[in-house]
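Me: Could you zoom in on a single part of this one for me? I'd like to know what sits where and what touches what.

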Amino acid sequence: MIKHDTNLEKILIPQNLPRLAYISDVPAEASYHGSMLLYRLLEFYPKDKLVIIETGHNFSTPNKRIPSVPHYKYKNPFIRLQFTRYKKSYLSFLRILTPLRSAQISSILKKNRTEAILSVAEGIGWMIAFQVAQKNKIPYHLIIHDTYTSKTFPNVFSNILQQANSCLCVSPFMSDEYRKQYRCNSTVLFPSRSRFHYGYSSPSQTTINNNYPLTLAFAGSIWKHYITMIKPIVEILKHYNGQFHIYGDATPETINASELAGYDNIHVKGYLPHAQLIDTLRNTSHVLYSPLAFLPEDDNMRLCFPSKLVDYTAVGLPIILHGPPYASQMRWATQYPDSFVTIDSMDTQAIERAILRLTDPATRHSLASNAIALGQKVFSWETAWKTFTHCLLNP
């Protein structure tokens, strides 16, 4: 696996970066999902210029935090209400408290001489962060990774986006639509890889050999909608003696309690740490599978982006993208027809054609090579870092 030259770090970090406060309900820690992506983004920010203020219900674990950075946390009252049917009312209640929370946080910012604020549109912290920025007359930068917040607080969302110094959107589709809809200063900030784990530079050996049976692998959470999508794939693979491996939080019990019960070519592998997962996928699989459910079209499906592709393109295997034509990953992939195999329906014959296409070693090798090159370009830490720091330096 390629690793970066640590000396490059000094070249990439501008000396005039502002003193930054990250204020959000989403903790920046080396764990998973959005938290890991934020950790990667902020890990090399100058430690003497960064302070992290956590405002949600999930606080970071000390041993997973960015080291040597001050952390503060503000726990919300009556937190259990956030996990009930009263969630929207509860968040509205918390919004009423934002002036009080803003005053508390402002004292920390003055102590740290903060010059810019970063937040994530999740929960209530991004609104607190905006009030703090307004009160202290400092630039405000917002990362947007889904559309749920825009539906929960539509008027507030619109107002803040129009006044934010930058809106860092997770996909080009979100960036384009929000720029038109809200007239905001939107920029695409794709999820990125770790600074020191760039991915493999060549396809896996499994792309060029014929050590069948063909093995497809899925890494992530198995939603009930994914079960329906996986079932015909497993049936087709079974016909050709193929295997389907599942990595993540699924257990044999959950699979046996679903529509996938009784298929002996499904193997539940459990959760693996990031680096181990990349190596295991590379050495034991032929193809990676990335689904997006065939649900009625909604903004989240259209505008968001699956972070799974950040790691998938680092493995060195061909990738199947499966989902409705309006889904973000499917629209994005149309720009790169030589990097992915796409299936935009639940038609059994279309699924079988895609799988049979990937039994050819030359096809697998070519697709894997192109996916590697694309991932290195789009999802690299340098790309995300340059985008992020450009916004901070040009508020």
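Reply: Sure, here's a walk along one helix and the loop after it, with a quick stop at a helix pair. This is a predicted model, where local features need pLDDT of at least 70 and side-chain atom pairs count only at pLDDT 80 or more, while totals for chains, interfaces and linings use all residues. Residues are numbered from 1 along each chain as its sequence is written, and side-chain values use heavy atoms, leaving out hydrogens and water.

Start with Ser175, which belongs to helix α8, residues 172-182 (helices are DSSP runs of H or I, at least four residues; strands are runs of E, at least two; both are numbered from the N terminus). Ser175 is buried, at 1% relative accessible area (buried is under 20%, exposed over 50%, partly exposed in between, with a 1.4 Å probe and protein chains only). Beyond its neighbours within four places in sequence, Ser175 makes contact with Cys169, Ser186, Thr187 and Val188, contact being heavy atoms within 4.5 Å.

Next comes Arg183, in the loop between α8 and β7 (186-188). Arg183 is exposed, with a relative accessible area of 74%. Its C-alpha lies 8.1 Å from that of Leu161, 22 residues away along the chain.

Now the helix pair: the axes of α2 (residues 33-42) and α17 (residues 381-393) come within 10 Å and cross at roughly 75 degrees. That makes the two roughly perpendicular (65 to 115 degrees). Here Arg40, Leu41 and Leu42 of α2 meet Trp381, Ala384, Trp385 and Phe388 of α17.

Conventions: Axes are lines fitted to C-alpha atoms, for helices over the stretch in contact, and angles run from 0 to 180 degrees between N-to-C directions. Angles under 35 degrees count as roughly parallel, over 145 as roughly antiparallel, 65 to 115 as roughly perpendicular and the rest as oblique.
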